[in-house]
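This briefing goes through the cavity, a pocket, a strand sheet and the salt bridges of one protein chain. Please keep the sequence and the structure in view while reading.

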Amino acid sequence: MSDDAYARAGVDQGAADRAVESLVAALATIRLDRPSRQLPLSGHYASVIRLDDVTGIALSTDGVGTKLLIAEQVGRFDTVGIDCVAMNVNDVLCVGAEPLAMLDYIAIETADEDLCAQIGSGLARGAELAQVEIPGGELAQLGELVRGFDIAGACFGVVKLAEVVDGSAIEPGDAVLGLPSSGLHSNGFTLARRALEGIGLDDERLGRPLGEILLEPTEIYVGAVRELLGSAVDVRGLAHITSGGLGNLLRLRAEVGYEIDDPLPPQPVFALIQELASTPEQEMYEVFNMGCGFCCVVAEADCEAALALLRGHYPEARRIGAATAGTRAVRRV
């Protein structure tokens, strides 16, 4: 992620990273009266806890971020629930797990029946798309702390311990396959809002109101990725492309780099943000997904079989690059 880009938008990414390090260091002091059940997946998209010798529980939590401010400006809240589900289930997928259920948490200034009904409709739609249940959650009225509302979730899935995908099996030459995003998804909105604040959300230079484009829900990749995992394809790594763009591939454990030579095309909204913010292309790729919302790393011998399957869900899916020997870095060529 580009510290410069977010610093100009008012976010100190370095401070955020140091805060997370402090939090993780504190959590590392936890002492149990039993052996830890946690698999060593530091930095990965989801955590896995051993349930027994065969099965693991995959856990992840995430929210929607400042995309909620766009929803408030537009006065439309029926899509942010989809985003909340997507951000969680897509992360759980990355360890090879089957998402099963999610809990939601809504912190709100004052309980609002219509607002919550709209949020609930989005959560329900997202749950259907991901084929997960939402058996419960929490609504907290925090008028002294919150202005507007915030929404987050926690997802739970299951995975066979022998089938956990952490990226450690990736080898130089393996194919990186890209699945298209639906737009900005739920990342980079602090920078995007600063870039676009000079034009109205009803601006239609991109063919429909800008507010609608920005609220396009985050894509849910469960159907495609679960089918891939259930096939004969040798799936070696899975990456949800969020903040940090294709740099998220480096969260996979293999000591390899990645060369991206045929990236998926970004949607026009990214070009508009780049133009209005005068942001270099490299910086755009460090902040946004730039048209690619999820990557599957597969053995090169299985590339065509994997693409044939994935294109049943995403016709635009394609091989965007390969794993390389040497430095752990992502390079666009």
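**Cavity, pocket, sheet and salt bridges**

The count comes to one cavity of 30 Å³ or more. The model is predicted. Five of its strands form an open sheet, and the salt bridges number 15.

**Cavity**

- The volume of the largest cavity is about 30 Å³.
- Leu246, Pro263, Leu264, Tyr285, Asn289, Met290 and Cys292 line the largest cavity.
- By residue class, the lining of the largest cavity holds six nonpolar residues, one polar residue and no charged residue.

**Second largest pocket**

- The second largest pocket encloses about 310 Å³ of space.
- Its lining is made up of 18 residues, and Gly96, Val159, Glu163, Arg226 and Leu229 are those that lie nearest the centre of the pocket.
- At least two lining residues of the second largest pocket come from each of strand 5, helix 8 (222-229) and strand 7.
- The most is given by strand 5, which supplies three residues to the lining of this second largest pocket.
- Nine nonpolar, three polar and six charged residues make up the lining of the second largest pocket.

**Sheet**

- The five strands of the open sheet run in the order 1-2-5-3-4, with mixed pairing.
- Strand 1 (47-50) and strand 4 (133-141) are the edge strands, each of them pairing on one side only.
- On average, neighbouring strands of this sheet are turned by 20° against each other, with direction ignored.
- Strand 2 (residues 55-63) pairs with strand 5 over nine bridges, in the antiparallel sense.
- Opposite glycine 157 in strand 5 stands alanine 58.

**Salt bridges**

- Side chains of opposite charge can pair when their charged atoms come close.
- Arginine 76 and aspartate 78 form a salt bridge in which the closest N and O atoms are 2.7 Å apart.
- Arginine 76 has a relative accessible area of 31% and is therefore partly exposed; aspartate 78, at 28%, is partly exposed as well.
- Arginine 236 forms a salt bridge with glutamate 171, and here the closest N and O atoms are 3.6 Å apart.
- This pair links distant parts of the chain, 65 residues apart: arginine 236 is in strand 7 (residues 235-240), while glutamate 171 is in the loop between strand 5 (149-160) and strand 6 (175-180).
- Buried or exposed: which word applies to arginine 236? Arginine 236 counts as buried, because its relative accessibility is 14% and buried means under 20%.
- Its partner glutamate 171 counts as partly exposed, at 44% relative accessibility.
- Which residues does the network of salt bridges with shared partners join? Glu171, Asp174, Asp234 and Arg236 are joined into one network by salt bridges that share partners.
- Aspartate 203 and arginine 205 meet through their side chains in a salt bridge, at 2.9 Å from N to O.
- Arginine 205 is partly exposed, its relative accessible area being 47%.

How values were computed:
Residues are numbered from 1 along each chain as its sequence is written. This is a predicted model: local features need pLDDT of at least 70, side-chain atom pairs count only at pLDDT 80 or more; totals for chains, interfaces and linings use all residues. Side-chain values use heavy atoms; hydrogens and water are left out. A salt bridge is a side-chain nitrogen of Lys or Arg within 4 Å of a carboxyl oxygen of Asp or Glu. Buried means under 20% relative accessible area, exposed over 50%, partly exposed in between (1.4 Å probe, protein chains only). Helices (H or I, at least four residues) and strands (E, at least two) are DSSP runs, numbered from the N terminus. On a 1 Å grid over the protein atoms alone, a cavity is a set of points where a 1.4 Å probe fits but cannot get out, and a pocket is an open set with protein on both sides within 12 Å along at least five of seven lines; lining residues have an atom within 4 Å of a point. Grid points are joined across faces, edges and corners, and a volume is the space filled by probe spheres set on the points. Ala, Val, Leu, Ile, Met, Phe, Trp, Tyr, Cys and Pro count as nonpolar, Asp, Glu, Lys and Arg as charged, and the others, Gly among them, as polar. Two strands pair if DSSP finds at least two bridges between them. Axes are lines fitted to C-alpha atoms, for helices over the stretch in contact, and angles run from 0 to 180 degrees between N-to-C directions.
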